[in-house]
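Thank you for making the time this morning. I would like to walk you through one structure, going from a single residue outwards, so please have a look at it before I begin.

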Amino acid sequence: MSDTNKPDQPQQPDQPEATAGAGTSAGADTLPPAAKATLDKKKTIIGGIVTLIVLGFVFWGLSKNFGSFSDAWAQIQQMSSQVMAALALVAIVNIIVYVFPYMVAIPGLKYRPAFMVRQTSWMMAALVPAGGAFALALQYLMLASYRVSTAAATSGIAITSVWSFFMTFLLPVLGVLVLVPSGELQSSWVWAGVLGLAALVVMVIVFWLILRSEESARKISELGEKLAQPVLHKLNKNIDITSTVLDFRGQVVDVVKAKWLQLTITNLAVSFMQFMILFVAVRGVSGDPQASGVSFAEIFAAFAISRLGTLIPLTPGGLGTVAGVLGAMLAAFGMTESDILAAVLVWQMVQLFPQAITGIATLLGWRVQEARAAAPAA
């Protein structure tokens, strides 16, 4: 990627106009330290091995409890053309909607460049073991090529990360709430909802205090520094939490105060489309609610509560770990064992492959675009 470290290029027709969220392109030498992260080959290999082992165990457990892969594949092959079309539709809409939170977080960024950056970085983070650092660096490079300032890029990436955590903790709460009328709650699910609610409340309060004023942000950071000091001391690390929090506040405060509602709505839309893939997969494999034994609310609850599995950093995006929790919950709701493995496999494949292929295409397209832009200068 050495050709991305070049002087500013003339504005391209398909690039966003300069706005409050866009500015002069930044070369790699001016990017924040996080943007210069590279993959550690040893850690990548180890991460890849761990990922494969975890995925193997999870899907082995699913096949052992819910049927064989051969039976699941046979059921998948029997899905009707209407179901295949519905899966293709929700997969396409999921890819389209996935870009919206990014556009809100970086005001002035148009859909096409946002689509290129978002899909490419998702592909890197999802497919490359321990590829989060590389995906982050790639976001900065791509945004710089689209004339987005480093400050706006840093703000947007930080905001989308925070709202992603908000959704992770909000969904289990919503999952428990939709089950209340049916009375099907199990204690473990209630505890998952309580955990999500507690974490969400704490995060929202802390985030609100940070944004409220510089004085309250300083007080919160000083408290955090006192609490973290014993751990940092044992790790022989000296981190200025106060400066970090104040810098973070300065980067995100204006956008969040103006766009917090749009950020919440667009992130909920992304989560809903991911659920719709699962819903169509379940219905496609097992048919109507009477045949599958699970209702719309039960499928949503299983999806929402299982999202806590993304917090387990063993596989990219919680791949596999989420499937294990999801399969167990669908079984608890009465879905037939022969259908569970097939539905979970369809859900994982439709989530992963279309977006991964799109991400590979956007990466290649961006590289071609950069090469063409560099040709006149050369």
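Leaving aside its neighbours within four places in sequence, which residues is Glu298 in contact with? Please keep in mind, as we go, that this is a predicted model. With those sequence neighbours set aside, the contacts of Glu298 are Leu179, Glu184, Gly293 and Phe333. Glu298 itself sits in helix α12, which covers residues 296–306. What I would point out is that Glu298 is buried and yet has no salt bridge, the nearest side chain of opposite charge being that of Arg283, at 7.3 Å.

Let me step back to the whole chain for a moment. The protein chain has 14 helices and zero strands, and 50% of its 378 residues are buried. If we take the contacts with a separation of 6 or more, 77% of them are between residues 24 or more positions apart.

A good example of a residue with such partners is Trp347, which is found in helix α14, residues 337–377. Is Trp347 buried or exposed? Its relative accessibility is 0%, and because buried means under 20%, Trp347 counts as buried. Apart from neighbours within four places in sequence, Trp347 is in contact with several residues, among them Gln274, Ile277, Leu278 and Ala281, and the list also includes Phe303, Arg307, Val322 and Leu326. The C-alpha atom of Trp347 is 9.4 Å from that of Met276, although the two residues are 71 residues apart along the chain.

Burial can also be looked at for a whole helix, and here I have chosen α5, residues 111–127. Helix α5 has 17 residues and reaches 24 Å from its first C-alpha to its last, which is close to the 24 Å expected at 1.5 Å a residue. Of these 17 residues, 13 are buried, so α5 is largely enclosed by the rest of the structure.

Finally, let us turn to the outside. The accessible surface of the protein chain comes to about 18200 Å², and 67% of this belongs to carbon and sulfur atoms. On that surface there is a nonpolar patch of about 560 Å², made by Leu177, Val180, Leu185, Val190, Trp191 and Val194. Helix α8, residues 187–212, gives the largest share of the patch, with three residues. Val190 lies in α8, and because its relative accessibility is 32%, it counts as partly exposed.

Key: Residues numbered from 1 in each chain as written. Predicted model: local features only at pLDDT ≥ 70, side-chain atom pairs only at ≥ 80, totals over all residues. Heavy atoms only, no water. Patch = residues over 30% accessible without salt bridge, like charges linked within 9 Å, V, L, I, M, F, W, Y side chains within 5 Å. Areas by Shrake-Rupley, 256 points an atom, 1.4 Å probe, with all protein chains shown as cover. Salt bridge = Lys/Arg side-chain N within 4 Å of Asp/Glu carboxyl O. Helix = DSSP H or I, 4+ residues; strand = E, 2+ residues; numbered from the N terminus. Buried < 20%, exposed > 50% of the residue type's maximum accessible area, 1.4 Å probe, protein only. Lys, Arg positive; Asp, Glu negative; His and termini not counted. Contact = heavy atoms within 4.5 Å. Expected span 1.5 Å × (residues − 1).
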